[in-house]
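Reader: I would like a close look at one part of this protein. Please keep to the sheet and the loops that leave its strands.

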Amino acid sequence: AGRDGRFYFEDGTRARFWGLNVAKEAVFQPKPVIDAAVDAIARAGFNLVRLHHVDDETGLLPAALAGSKQRLDLSRLDCLDYWIARLKARGIYVYLDLLDYRTFQEAEGVPQGPRLGRGAKPYAVFNERLQELQRDYAGMLLFDHVNPYTRLSYAADPAVCLVELCDENGLFHEQTRLGNLLSPYREELVKRWNFWLLSHYGSREELARSW
């Protein structure tokens with residue numbers, strides 16, 4: 001990234017990306033299928049692939065591994081590793097998502113986890129336990145794991161050029177859900193909102209005057 005906020009290649013040329021999505025089950029394919037897909041993507045002239053919806057129960061984070069030391073499904077992770085290596089070999093960059101389709105589990109210390117829905121929208125942006133689990137996952141995936149095909153972590157691999165923290169989430173994006181939040185999350189958000197109001201206005205009287 002340059003000082004102007006734009007992307008540049010090592011020789012100083014302005015980087016421009018022309019990409020596509022490979023999502024969900026399309027990511028988790030046998031190696032010959034991945035090879036054929038990468039060939040087709042390269043022939044079409046793309047230089048970026050977004051590997052999307054990989055944190056689902058059918059992807060990297062199955063419910064059966066919730067609460068265990070080995071949280072990532074290693075066979076699924078191998079598919080992701082192979083995609084990145086094969087794309088890199090063809091000069092194609094990779095865009096990864098972190099929080100996308102994940103279903104949080106009660107075994108992970110998340111009350112009503114599956115009822116929060118995929119991506120736990122908007123709970124994941126304000127609940128501390130959900131934030132902690134997101135940080136743990138980012139650490140495991142990007143820093144702790146070394147891709148056996150490239151011998152680099154994703155964080156150290158220049159082919160991984162973009163990482164999205166969360167997909168289509170946030171208090172404003174999901175504002176229609178705010179009136180129907182599940183307990184204990186609704187009470188937590190109200191408490192945080194009231195704390196902010198008091199710290200910002202100083203008193204109920206000043207709040208009333210300002211509002």
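Reader: What is the order of the strands in the open sheet, and is the pairing parallel or antiparallel?

Author: A caution to begin with: this is a predicted model. The sheet is open and has four strands. Their order is S1-S2-S3-S6, and the pairing is parallel. S1 and S6 are the edge strands, and each of them pairs on one side only. From one strand to the next, the twist averages 20°. Strands of a sheet pair through backbone hydrogen bonds, either parallel or antiparallel.

Start at the S1 edge. Strand S1 covers residues 19-23, and strand S2 covers residues 48-52. Five bridges hold this parallel pair. To find the register, look at Val-22: its bridge partner in S2 is Leu-51. Helix H1, residues 31-43, belongs to this corner too. Together, S1, H1 and S2 form a β-α-β unit, and the unit is right-handed.

The loop between S1 and H1 holds Lys-24. This residue is not a glycine, yet its phi is positive, at about 55°. Is Lys-24 buried or exposed? Neither label fits, because its relative accessibility is 30%, which counts as partly exposed. Buried would need under 20%, and exposed would need over 50%.

Now go to the other edge. S3 spans 93-99, and S6 spans 160-166. These two strands run parallel, joined by five bridges. Here Tyr-95 gives the register: Leu-162 is its bridge partner in S6. In a regular strand the side chains alternate between the two faces of the sheet. Helix H3 lies across both S3 and S6. Its direction makes an angle of about 150° with S3.

Next, the loops on this side. Between S3 and H3, which spans 128-144, the loop contains Pro-122. The peptide bond from Lys-121 to Pro-122 is cis, with omega near -5°. The loop between S6 and H4 has a cis bond as well, from Ser-183 to Pro-184, with omega near 5°. Helix H4 spans 185-201. Glu-168 sits in that S6-H4 loop too. It is a residue other than glycine, and its phi is positive, near 50°.

So where should you look on the model? Put Lys-24 on your list for the loop between S1 and H1. For the loop between S3 and H3, take Pro-122. For the loop between S6 and H4, take Glu-168 and Pro-184.

Definitions and conventions:
Residues are numbered from 1 along each chain as its sequence is written. This is a predicted model: local features need pLDDT of at least 70, side-chain atom pairs count only at pLDDT 80 or more; totals for chains, interfaces and linings use all residues. Side-chain values use heavy atoms; hydrogens and water are left out. Two strands pair if DSSP finds at least two bridges between them. A crossover is right-handed if, with the strands pointing away from the viewer, the path from the first strand over the helix to the second runs clockwise. Buried means under 20% relative accessible area, exposed over 50%, partly exposed in between (1.4 Å probe, protein chains only). Axes are lines fitted to C-alpha atoms, for helices over the stretch in contact, and angles run from 0 to 180 degrees between N-to-C directions. Contact means heavy atoms within 4.5 Å.
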